[in-house]
Amino acid sequence: MKLTKIPLSELKKPEKNVRIHSEKQIKEFVRSLDKFEQIRPIVVDENYTILCGNGLFAAMVAKGETEAYCLI
């Protein structure tokens, strides 16, 4: 695995995501990002499809972030 910063615009949501995050959960993610910044990476495959971290991705987009640390 390789840790790298990737523009959020290049990340792709998976076609099927079994975990659905409520608006309240996304707000909690945003609050955590405000307090601690990004402390865990988003896990993506070689095509930049998100495998783990969909809620974090949604919060970063809502917050206006442009890049995220990702594990490929």
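In strand 4, the residue bridged to Ile6 is Ala68. This pair offers a starting point for a walk through the model, which is a predicted one. Ile6 itself lies in strand 1. Is Ile6 buried or exposed? Its relative accessibility is 2%, and Ile6 therefore counts as buried, since the cut-off for buried is under 20% relative accessible area. Apart from neighbours within four places in sequence, Ile6 touches Leu11, Val44, Tyr48, Thr66, Glu67, Ala68, Cys70 and Ile72.

The bridge between Ile6 and Ala68 belongs to a wider pairing. Strand 1 (residues 3-7) and strand 4 run antiparallel and are joined by five bridges. Another residue with a partner in strand 4 is Pro7, which is bridged to Glu67. Strand 4 also pairs with strand 2, here in the parallel sense and over two bridges. Ile42 has Cys70 of strand 4 as its bridge partner. In general, strands of a sheet pair through backbone hydrogen bonds, either parallel or antiparallel.

In what order do the strands lie in the sheet? The order is 1-4-2-3, in an open sheet of four strands with mixed pairing. Strand 1 and strand 3 (50-52) are the edge strands, each pairing on one side only. On average, neighbouring strands of this sheet are turned by 50° against each other, direction ignored.

Strand 4 also shows how side chains are arranged along a strand. In a regular strand, the side chains alternate between the two faces of the sheet. Along strand 4, Ala68 and Cys70 point to one face and are buried, whereas Glu67, Tyr69 and Leu71 point to the other face and are not buried.

Cys70 leads on to the interior of the model. In soluble globular proteins, nonpolar side chains tend to be buried together. The largest nonpolar core here has 15 residues, and Leu11, Ile42, Val44, Met60 and Cys70 are those with the most contacts inside it. Helix 1, strand 2 (42-44), helix 2 and strand 4 (67-71) are the elements that give two or more residues to this core. Which element provides the largest share of the core? Helix 2 does, with four residues.

Met60 deserves a separate look. With neighbours within four places in sequence left aside, Met60 is in contact with Leu8, Leu33, Gln38, Ile42, Glu65, Glu67 and Ala68. Met60 and Ile6 stand 54 residues apart in sequence, and their C-alpha atoms are 12 Å apart in space.

The two helices can be considered next. Two packed helices are described by the angle between their axes and the distance between the axes. The axes of helix 1 (residues 23-36) and helix 2 (residues 54-63) come within 8 Å and cross at roughly 70°. The two helices are therefore roughly perpendicular to each other, because angles of 65 to 115 degrees are counted in that way. Helix 1 makes the contact through Ile26, Phe29, Val30, Leu33 and Asp34, and helix 2 through Gly55, Leu56, Ala58, Ala59, Met60, Ala62 and Lys63. By class, this contact has nine nonpolar, one polar and two charged residues.

A last residue to locate is Asn54, which has its place in helix 2. Is Asn54 buried or exposed? Its relative accessible area is 14%, so Asn54 is buried. Beyond its neighbours within four places in sequence, Asn54 is in contact with Pro14, Asn17 and His21.

Terms used:
Residues numbered from 1 in each chain as written. Predicted model: local features only at pLDDT ≥ 70, side-chain atom pairs only at ≥ 80, totals over all residues. Heavy atoms only, no water. Axes fitted to C-alpha atoms, helices over the stretch in contact; angles between N-to-C directions. Parallel < 35°, antiparallel > 145°, perpendicular 65-115°, else oblique. Contact = heavy atoms within 4.5 Å. Nonpolar A, V, L, I, M, F, W, Y, C, P; charged D, E, K, R; others polar. Core = buried A, V, L, I, M, F, W, Y, C linked by side-chain atoms within 4.5 Å. Buried < 20%, exposed > 50% of the residue type's maximum accessible area, 1.4 Å probe, protein only. Pairing = 2+ DSSP bridges.
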